[in-house]
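This report describes selected features of the structure shown below. It proceeds from individual side chains to the relation between chains.

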6 protein chains.
Amino acid sequence: MLVDWPEEELRRYLPERDEPDDFDEFWTATLDQARERATPARFVPYDAGLATVDVHDVTFSGFDGQPVRGWFLVPRDASGPLPCVVEYIGYGGGRGLAHERLFWSAAGYAHFVMDTRGQGSAGSSVADTPDPDSAGTPQTPGFMTRGVTDPQTYYYRRVFTDAVRAVEAVREHPVVDATKVVVAGGSQGGGITLAAAGLADGLAAALPDVPFLCHYRRATAITDAYPYQELVTFCRTHRSQADRVFSTLRYFDGVNFAARATAPTLFSVALMDAVCPPSTVFAAFNHYAGERKDITVWPFNGHEGGAGFNQGVQRAYLASLLDA
Amino acid sequence: MLVDWPEEELRRYLPERDEPDDFDEFWTATLDQARERATPARFVPYDAGLATVDVHDVTFSGFDGQPVRGWFLVPRDASGPLPCVVEYIGYGGGRGLAHERLFWSAAGYAHFVMDTRGQGSAGSSVADTPDPDSAGTPQTPGFMTRGVTDPQTYYYRRVFTDAVRAVEAVREHPVVDATKVVVAGGSQGGGITLAAAGLADGLAAALPDVPFLCHYRRATAITDAYPYQELVTFCRTHRSQADRVFSTLRYFDGVNFAARATAPTLFSVALMDAVCPPSTVFAAFNHYAGERKDITVWPFNGHEGGAGFNQGVQRAYLASLLDA
Amino acid sequence: MLVDWPEEELRRYLPERDEPDDFDEFWTATLDQARERATPARFVPYDAGLATVDVHDVTFSGFDGQPVRGWFLVPRDASGPLPCVVEYIGYGGGRGLAHERLFWSAAGYAHFVMDTRGQGSAGSSVADTPDPDSAGTPQTPGFMTRGVTDPQTYYYRRVFTDAVRAVEAVREHPVVDATKVVVAGGSQGGGITLAAAGLADGLAAALPDVPFLCHYRRATAITDAYPYQELVTFCRTHRSQADRVFSTLRYFDGVNFAARATAPTLFSVALMDAVCPPSTVFAAFNHYAGERKDITVWPFNGHEGGAGFNQGVQRAYLASLLDA
Amino acid sequence: MLVDWPEEELRRYLPERDEPDDFDEFWTATLDQARERATPARFVPYDAGLATVDVHDVTFSGFDGQPVRGWFLVPRDASGPLPCVVEYIGYGGGRGLAHERLFWSAAGYAHFVMDTRGQGSAGSSVADTPDPDSAGTPQTPGFMTRGVTDPQTYYYRRVFTDAVRAVEAVREHPVVDATKVVVAGGSQGGGITLAAAGLADGLAAALPDVPFLCHYRRATAITDAYPYQELVTFCRTHRSQADRVFSTLRYFDGVNFAARATAPTLFSVALMDAVCPPSTVFAAFNHYAGERKDITVWPFNGHEGGAGFNQGVQRAYLASLLDA
Amino acid sequence: MLVDWPEEELRRYLPERDEPDDFDEFWTATLDQARERATPARFVPYDAGLATVDVHDVTFSGFDGQPVRGWFLVPRDASGPLPCVVEYIGYGGGRGLAHERLFWSAAGYAHFVMDTRGQGSAGSSVADTPDPDSAGTPQTPGFMTRGVTDPQTYYYRRVFTDAVRAVEAVREHPVVDATKVVVAGGSQGGGITLAAAGLADGLAAALPDVPFLCHYRRATAITDAYPYQELVTFCRTHRSQADRVFSTLRYFDGVNFAARATAPTLFSVALMDAVCPPSTVFAAFNHYAGERKDITVWPFNGHEGGAGFNQGVQRAYLASLLDA
Amino acid sequence: MLVDWPEEELRRYLPERDEPDDFDEFWTATLDQARERATPARFVPYDAGLATVDVHDVTFSGFDGQPVRGWFLVPRDASGPLPCVVEYIGYGGGRGLAHERLFWSAAGYAHFVMDTRGQGSAGSSVADTPDPDSAGTPQTPGFMTRGVTDPQTYYYRRVFTDAVRAVEAVREHPVVDATKVVVAGGSQGGGITLAAAGLADGLAAALPDVPFLCHYRRATAITDAYPYQELVTFCRTHRSQADRVFSTLRYFDGVNFAARATAPTLFSVALMDAVCPPSTVFAAFNHYAGERKDITVWPFNGHEGGAGFNQGVQRAYLASLLDA
């Protein structure tokens, strides 16, 4: 069943944005600090047993200069410069094993898979990056409420900074065409994609797939699905801090990042997706500032969205975009 | 929690086999008929938008000469002859999209992904192969009981024949080293792998991963999980036909195929797997006739087993096996 | 809770019909072909161990002349001619055992229970009729998507043809008053009843009880309940074929059959029925072309609807209708 | 999956009985009191709209002389004397509508359906008999713990007395052959059947189908299924009264009634039945005192057991038993 | 997610009341009868092993003079007269153990915890009060439909009378300031609080917390949660008695009691509460007749509402109210 | 149903302990470091609006000297010295609100409720203590796997140290009789109680109620219930680290602490408790070194165990123990 309005209404939905005055200062300061403390990314060759792909185990400087891991994959005979897809991962997972994400390199791209700090133990893909700066304040199990009572300590401040720094890190690699860096990801990875699109300059494209981390108020009002429900669980206990939680979230809302993003974009959304309800996705899409924007609608799908089909759509989109 | 006995007991479990006298005649006749009606496999180049892999859309003659589809992937610059992994798919899925299964070609192998006839509409990977020979007799939704009241009409008679024919089909292709064909697959794909290992000659290896379709009596006695439960559902309605059902299944039991298989093998099993309980897997493994046999035990996993980790284990196993 | 609008709105709901131009040609051709290939129905006396009912095991020619089974029950001392209730069965079940459906014969009617081809193994009532003409194309487990990508191959083309032929078959029997044949059934049986009411001539009445197979678009938009969900599951995988699926379904929509049906009718509907939501039932009822039409509303029931109470209502309705 | 031991072990299971010394005195006194306060049963003709069955709405004197309702159905042209099946109903249901239970009369028997006092509002069949003598003591929702802290006030004291009185009531009717009264029922009805078989004289047969109300200690130890779980829920709250509860239950255990029953019997049991686990049924069966005893085993069924198939088995059993 | 309208709409929701003409006569007669048959409450000192609280085991005359139990707790060194909180318990529970409810006495109040007749065996708190006057008519498991077909026999007629009598009983105790009796309770206890507030004179305050037993029609239309669902279950079986059920409920609707209540009140409501949906609570609140009324809204909570936080809010409210 | 062996077997169950050689050194070093960095506990009077209890908001030095919060409650007119109950909280909760835990002070004890660092946001009781020393390494949502790959970084190293320090902190308060400190808690609080009993000197008693954190290997083998399942989830992803995880857990196993504990103890255990299965509790109890030991068995309860009844049992136990 449809979890939200019909598509026509979704396409018209342009809610007022809820944005703090110092949104841009907050992020400028955060990113500046990260860059100041950054050291060059290290790309260590890694034997993944593959014949057609060169794999590197990467460590780059993320939030506050902290080390963040990732996989860098390029077609073995690549002469470069290559366009590069920087991919962010869905909730609970990490960069996984190098041989688990072979699509973009097989399609002829450099491909960077960023670890999500602290995640990677939920039964799906593994991760190797700690989140050392956690304030340790009481939190609902999961990551949505880690440090959520203050924008300075909120978990996604660190993750989004890592995401921007990942773009900068791949640009350091000689095989990458720095003008052709694409950010991409599904679900949480889609939310991080929006943040990167709003914060990083000169991106060639942004591909948020069924993005999470958008329009938190409405999300918690219309769905009980996790992980948005972690916010509800936290506010359910810490009854007096709900306003503070939502005040923090204004700095981390995909809707606000979308309004600053200018790269060409191809979203996807699924109309039966209770995890990332369509109206929260369209709220970001309809506010997206870039002029060249499209959205693929999967009418009968849940949070899996277009899955492999969407990969095909994205590949074709990038091919036509980057060849032009 | 463990769904079965502790590992030590599992390793000792060697139940008496329940096998019809004409097991071999049944399969010889079935395969002979398929071969008689076979036409050469067609390998049609397919543009999957990939830069490092050549993809072919294959149609080969399966059961009774019926057309069966598959993807054939080889590294773009492969000079051959290459070892080839023939992969069978888990329950409900089909060959999917060509770009969804890039591991074996990236690892330097020719790779053939066989469609499972009639399946491919359950929400996961798609398929393009019909099952035209269905008798149409009343069946429990799913595929486990399609034609189950007679070995001649049972669904897996057609699927297992397709599987053997797939091995023969890839051997026709010039890039494949016909002495180095490996059969592999997880869950239902693992059950089909065992059937192929018991019925096809000269295989280089068999890699059944958390195999399904083994030791049906015990499976239905100890788990309520689907798809084994489809058998129970059928017998629950057709109360008088239960003996006939289990009589049919003797021709399709992985335990009986294992007892005929001689290729080197690497099984995997997960001790918290309620879908394919460990004792049903060990029943096949312990009866496996080949002298060179190993099993990877995932003690804390459910039916996902080793997932990407298991791919790594399999890759290393084949590398050492085929290089020797 | 109510699964749809309040009753007042439901009574006013008259959605535009979505109907192909060749709807009538399609069905005329299909039925003509079935009649051409038909042989006379066989009524074989069957010993069900009953003292007050004569039971016959019937085989009649259904779709494409294929044999379809049914039970024919008449009160033992019936002198005839008797009115006859032709009953179609709910999803997953078959004609069952002869002694399981004693109501209509006890009430003094001839009663024919038609098997639903291929079904009857889902844990409820058994069946004895195969569906030999299945195209075997990939399908979601169940029957809703068997052959759904083409009206010619769709499963319900065969079932609805069987239903019309069943009416014709009972008219061949001497004890039946051919002018007093009533079609009836609940859920899927109600959907088949609507098809028969739209396709068969001269029916005395149609009694669709909480009918399924109506207004597919809205059904998939407002409920996640099975079996409508099988359509969603299929479209979820076969993303590019959704339009084709719904194009096929236009030939099989109870709303379109209702618009052609002229027999007196008594529907039933339950306002807490998520399986066959009330608006999909009222869409058919409000479009029903017959002038004499009534609907029994069960406000607190789910898909069980009126159950035995509804039987009583139907009996009284027929008594007053047929005696007049 | 099997919910208990394999069939061979079940057939050998003969647990020690836990029985109070005054078991027989308790029941003799209870029944004597009921008989003293009894008035003759009233059989009021009832128009159920049926052509082949005569229906009577019966009121007879049950526990303490309280009025209990039932349906009495006989084939319309019955000349008598007829054997009579007295049927008790499963948990939560009542006698329902007269036209809902047509099997036994169609098979040529007189048939009496006894209401279960107080029940009949759980969404299935309705009832018309109150339970006026309820002590009103705190109870777990349901009926298992109504008055359970004392044998004198326990709900089933009243129900079992009703059951014996029902046998006596039908014997008053001229069409019934008093030497050929059979008691029957499934689940709770099977438990009541055992009680009647242990307490009533001269029964022609007892047909307990997947009987409930047997071997309470083991039942609560091995299953979480309702309604046995109501006992656990009660003891979970009333922690200090558990011993008292089980002390009461000794007077109401089907195992103890079976040990007193001498009529020929045909049990049924289902090996995948978690509601009435097979070992609790076999405990009663193996203790059953009658020499002529059989049990139908449904190996793949849950609590539905043999359903319509079991009716057929029972019909054939009675035919051969009563004709001999 | 929100289970009902946004807060702004809830605050404006003032549905027409559905009230029988003889509502007041009904209750006057009921209460008069109870008072006529009442004997003085007995306060028996009880050793609960506590050092700072004096506990009494109370028996007072409730409905029809029947004995009802409760705990009476006062701070050990209380000189009185003290304000007294009379507390009613949530569905399924009873007065529990004396040491389980220490809040109000610790806050300096006399505190009376009334048992809910017949309840107290559902796995939570125990009870010691029977419901001897139960008519024993067929009912859905639980208490919502006990005697529901007639206002005279309905379970809550007895409970609400007990509640009013409890207020009168505590006023008999010398330590209680009879002008400062407060009624309070959560869920079912909140519904009983509303009844007491509408029926008892001279209350100092009413504190209904997420009250149940309000606006039954809408409740059954918008939620499937228990215990409101018990009403649906009953009407689902007893299809012809639904009107009678809702006719009875008009005498027991918190909305109608609220319209008669004049004591200062502090409600609470939770916007994610599916058990007692917010619109049913606001229907009572908005109709509440007392001029001094407030409501605490817990926006992210389910049926737990404010829990301990709400206790703090209530304590502060009473402190300011009763000191003024 | 029973989740483990019958009580007789449980009482005999004495599994071999799995303990590292440096267990004692590990804990001595950890506690020494904490004590070195400790500052005196601060007891700040707190107005909880209570009339009979004095409440203090306490901050004491826990692991590594980090501040940990707690509530300290004493009867208002206490002259001291009083015995003191130090209570640890169940999984997911924190110290909550001061007025939520009034039992022990009402019973005449000083009562200290220790916050559990980092927890307190799971929908139950709140907390105010961060866990600043988290390594931030990837973890399964929850707390069971925080830092679990190394004993030095494991979460419960910090919590157990806090627990010992809490005992030392209350001994600093003048109203407390330092020779009469009792440790207590349920579930996780019971596991912490065992740790404190094994690590702190001179305790008057230990009251572990349905203790968690015992016998991890068996726990993960026999139950799927959370929170033990968090360990499985972690090992399911981090397949190669399972041995390391269980190696770490040897330092934190209640069985090993029990073997060092000498204070008189009263355990409780529930035989239907799937969260903390009885055999894991009896493993600790049977290894408990103190000579004076008892266990209360709740045969029909799940993880709620004896609840308020158990409080009564504990109160009586302490009364008799401390008065002697």
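## Terms and model

A residue is called buried when its relative accessible area is under 20% and exposed when that area is over 50%; between these limits it is partly exposed. The model discussed here is predicted.

## A salt bridge along helix α2 of chain A

R35(A) has a relative accessibility of 34% and therefore counts as partly exposed. D32(A) is likewise partly exposed, its relative accessible area being 35%. The two residues form a salt bridge in which the closest N and O atoms are 3.8 Å apart. Both belong to helix α2 (residues 23-36) of chain A, and because they are three residues apart in that helix, about one helical turn separates them.

## Helix α2 in chain B

Helix α2 (residues 23-36) of chain B contains 14 residues, which at 1.5 Å a residue should span 20 Å; the end C-alpha atoms are 20 Å apart, so the expected and modelled values agree. The buried residues of α2(B) are F23(B), F26(B), W27(B), T30(B), L31(B) and A34(B). Viewed down the axis of α2(B), the buried residues fall within an arc of 115° and therefore line one face of the helix. Among the elements of chain B that cover them are α4 (155-171), α5 (188-199) and α9 (254-258).

## Buried salt bridges involving D131

Over all chains, the whole structure holds 114 salt bridges. In chain D, the side chains of D131(D) and R146(D) are joined by one of these, with an N to O distance of 2.7 Å. D131(D) and R146(D) are 15 residues apart, and both lie in the loop between β5 (110-114) and α4 (155-171) of chain D. Both residues are buried.

In chain F, D131(F) forms a salt bridge with R158(F), at 2.6 Å from N to O. This pair links distant parts of the chain: R158(F) belongs to helix α4 (residues 155-171) of chain F, whereas D131(F) is in the loop between β5 (110-114) and α4, 27 residues away. R158(F) and D131(F) are both buried. In chain A, salt bridges with shared partners connect R117(A), D131(A), R146(A), R158(A) and D162(A) in one network.

## An annotated position in chain A

The UniProt record, an unreviewed entry, places a "binding site" feature at Y91(A). Y91(A) is located in the loop between β4 (82-88) and α3 (103-106) of chain A. With a relative accessibility of 23%, Y91(A) counts as partly exposed. Apart from neighbours within four places in sequence, Y91(A) contacts Q119(A), G142(A), F143(A), M144(A), Y156(A), Q188(A), F212(A), P227(A) and E230(A).

## A buried threonine in chain D

T248(D) is part of helix α8 (residues 242-249) of chain D. A relative accessible area of 1% makes T248(D) a buried residue. Beyond neighbours within four places in sequence, the contacts of T248(D) are V148(D), T149(D), D150(D), P151(D) and Y154(D).

## How chains D and E are related

Which rotation superposes chain D on chain E? A rotation of 180°, with 0.0 Å of shift along the axis, achieves this with an RMSD of 0.0 Å. The two copies are thus related as by a two-fold rotation axis. P141(D) comes closest to this axis among the residues of chain D, its C-alpha atom being 2.4 Å away.

Of the interface residues of chain D, 100% are also interface residues in chain E, and the copies therefore meet through the same surface.

Terms used:
Residues are numbered from 1 along each chain as its sequence is written. Chains are lettered from A and ligands numbered from 1 in the order in which they are written. This is a predicted model: local features need pLDDT of at least 70, side-chain atom pairs count only at pLDDT 80 or more; totals for chains, interfaces and linings use all residues. Side-chain values use heavy atoms; hydrogens and water are left out. UniProt positions are given in the numbering used here, feature names are shortened, and annotations may be inferred rather than shown by experiment. Helices (H or I, at least four residues) and strands (E, at least two) are DSSP runs, numbered from the N terminus. Buried means under 20% relative accessible area, exposed over 50%, partly exposed in between (1.4 Å probe, protein chains only). Contact means heavy atoms within 4.5 Å. Copies are superposed by least squares on the C-alpha atoms of residues with pLDDT of at least 70 in both. The expected span of a helix is 1.5 Å times one less than its number of residues. The arc is that of the directions from the helix axis to the C-beta atoms. A salt bridge is a side-chain nitrogen of Lys or Arg within 4 Å of a carboxyl oxygen of Asp or Glu.
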